[in-house]
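I opened the notebook to record a few lookups in one structure. The entries follow in the order I made them.

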Amino acid sequence: MRRKMTTAVKARDIIYEGGTIMESYQIFSSLAIIIIAAKICGIAAAKLHAPQVVGEIIAGLLIGPSVLGLVGQSDFLVQMAEIGVVLLMFFAGLETDMRDLIKTGPKAFLIACAGVLVPLVGGFFLYSCFYGFSAVGTDKFYTAVFMGVIMTATSVSITVATLQELGHLKDSVGTTILSAAIIDDVIGIIVLTFVIGFKNPNSNPLNVVKNTFLFFLMAIVLGYIGYHVFKLLDKKYPHTRRIPIFGLALCFALAYIAEKYFGIADITGAYVAGIILCSIQDSEYIARKIDISAYMIFGPVFFASIGIKTSISSMNGQLLLFSIGFVLVALVAKIIGCGLMSRCLGFRGKDCLKIGVGMMTRGEVALIVSQKGLAVGMIDSAYFTAVILLIMVSSIATPIILKALYAQTNE
């Protein structure tokens, strides 16, 4: 009997990638610290008239390795944060008004194109001004281009949470930002693939165009079928828990299919799942159920993880100057590109600025792009600090500026 118990304990000791069962218990400690710190800092942010997500990001910075060191990075927290951002995008899809989405679609496409082009050019010239202009085809030329590619990535999840908190997620500006950010993500992936294709002759950039087209073709067909299936379920079992459960399964399935089989970001698949269900009768019921999980645990973990990832130990004088320039150019380029295009498309006054500011957040997409650049040797690991700083500054500044802009509009 004792031998059987010992064997069982040894089997349980290898649960988490070589970690012991005692180490696996630490995930509960980390979650407790993150949730408490995020809530306290979120309340403090609200008291200071700032969005709660700002407090949650600062909480991650405080409890992370850069300050107190209470919580470190782990695969478990990375996966939890990934679920958090997928749920946020699914929720955003559920909250989308299809009529407004169709109405803003063409405008959102042009805004997204401007939001990719201007930062791409800005990043290239910033790096070239710091480290010198190089001939086309050299490693330094590709590094300069890749710095611009990193700047093209938009992370709308923080903007979504802010607009949701302010009650403007469903208006024309909010819908335009959401639509443009999704299109921006797809264009950014295409640009990334093309740049890597130029660096590596074995890569075929045309494949990503084909895969993107096939994904959205599949989404249209699956959306048509899925909408009618859920409409029948909704009619037969209204306001029952099976509806949000099946909806959540659809969200995760499309997120997986997008990433695995088409090379599209999983958040795009999650958003498409929300779009499919946004017009059924119980869409608000599904959104309320999903919001509970996102608000209680996955959302705080995602926003706190941004702060936890931040490390300033490798910073030096030259990298600090470059990082400051990198942040400023990345933020201003999005505002100029998206804001001016919005102006050309008929938006007026502060709405143009809201769209530009809403598009300037960077997050998980910028990290994914940066890691891809590191993997293929297009950038050095030292520049990763600049990306983290951009994510931190844009994640904190965007909610504050958006709230101030909406406050001025309501006056």
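Is Val 118 buried, partly exposed or exposed? I noted first that the model is predicted. I then read a relative accessibility of 31% for Val 118, so I put this residue down as partly exposed. The cut-offs leave partly exposed for whatever is neither under 20% nor over 50%. I located Val 118 in helix 6.

Entry on the nonpolar patch.
I looked up which surface patch Val 118 belongs to, and found a nonpolar one of about 720 Å². I listed its members as Leu 117, Val 118, Val 121, Phe 125, Phe 133, Val 332, Ile 336 and Leu 340. I asked which helices supply at least two residues each, and got helix 6, spanning 98–131, and helix 14, spanning 317–344. I recorded helix 6 as the one that gives the most, with four residues.

Entry on salt bridges.
How many salt bridges are counted? I got two.
I took the pair Asp 184 and Lys 334, whose side chains meet in a salt bridge at 2.7 Å, N to O. I placed Asp 184 in helix 9, residues 172–199, and Lys 334 in helix 14, so this pair ties together parts that are 150 residues apart in sequence. I checked the accessibility of both partners. Asp 184 comes out at 0% relative accessibility and counts as buried. Lys 334 also has 0% and also counts as buried. I noted that helix 14, which holds Lys 334, is also one of the helices that supply the nonpolar patch.
I then took Asp 351 and Lys 354, which form a salt bridge with their closest N and O atoms 3.5 Å apart. I found both in helix 15, residues 350–358, and because they are three residues apart there, about one helical turn separates them. I wrote down 27% relative accessible area for Asp 351, which makes this residue partly exposed. Lys 354 has 3%, so I entered this residue as buried.

Entry on a helix pair.
I wanted two numbers here, since two packed helices are described by the angle between their axes and the distance between the axes. For helix 8, residues 157–166, and helix 13, residues 283–308, I read an angle of about 130° and axes 12 Å apart. I therefore classed helix 8 and helix 13 as oblique to each other. I logged the crossing of helix 8 past helix 13 as left-handed.

Entry on C-alpha pairs distant in sequence.
I looked up Val 54 and found this residue in helix 4, residues 52–63. Val 54 has 4% relative accessibility, so I noted this residue as buried. I read 8.3 Å between the C-alpha atoms of Val 54 and Phe 303, which are 249 residues apart along the chain.
I repeated the lookup for Tyr 224, which lies in helix 10, residues 206–236. I recorded Tyr 224 as exposed, because its relative accessible area is 59%. I read 7.7 Å between the C-alpha atoms of Tyr 224 and Ile 276, with their positions 52 residues apart along the chain.

Entry on a backbone angle.
What is phi of His 239? I read a value near 55°, which is positive in a residue other than glycine. I placed His 239 in the loop between helix 10 and helix 11, the latter spanning 242–262.

How values were computed
Residues numbered from 1 in each chain as written. Predicted model: local features only at pLDDT ≥ 70, side-chain atom pairs only at ≥ 80, totals over all residues. Heavy atoms only, no water. Patch = residues over 30% accessible without salt bridge, like charges linked within 9 Å, V, L, I, M, F, W, Y side chains within 5 Å. Areas by Shrake-Rupley, 256 points an atom, 1.4 Å probe, with all protein chains shown as cover. Salt bridge = Lys/Arg side-chain N within 4 Å of Asp/Glu carboxyl O. Buried < 20%, exposed > 50% of the residue type's maximum accessible area, 1.4 Å probe, protein only. Axes fitted to C-alpha atoms, helices over the stretch in contact; angles between N-to-C directions. Parallel < 35°, antiparallel > 145°, perpendicular 65-115°, else oblique. Left-handed = near helix turned anticlockwise from the far one by under 90°.
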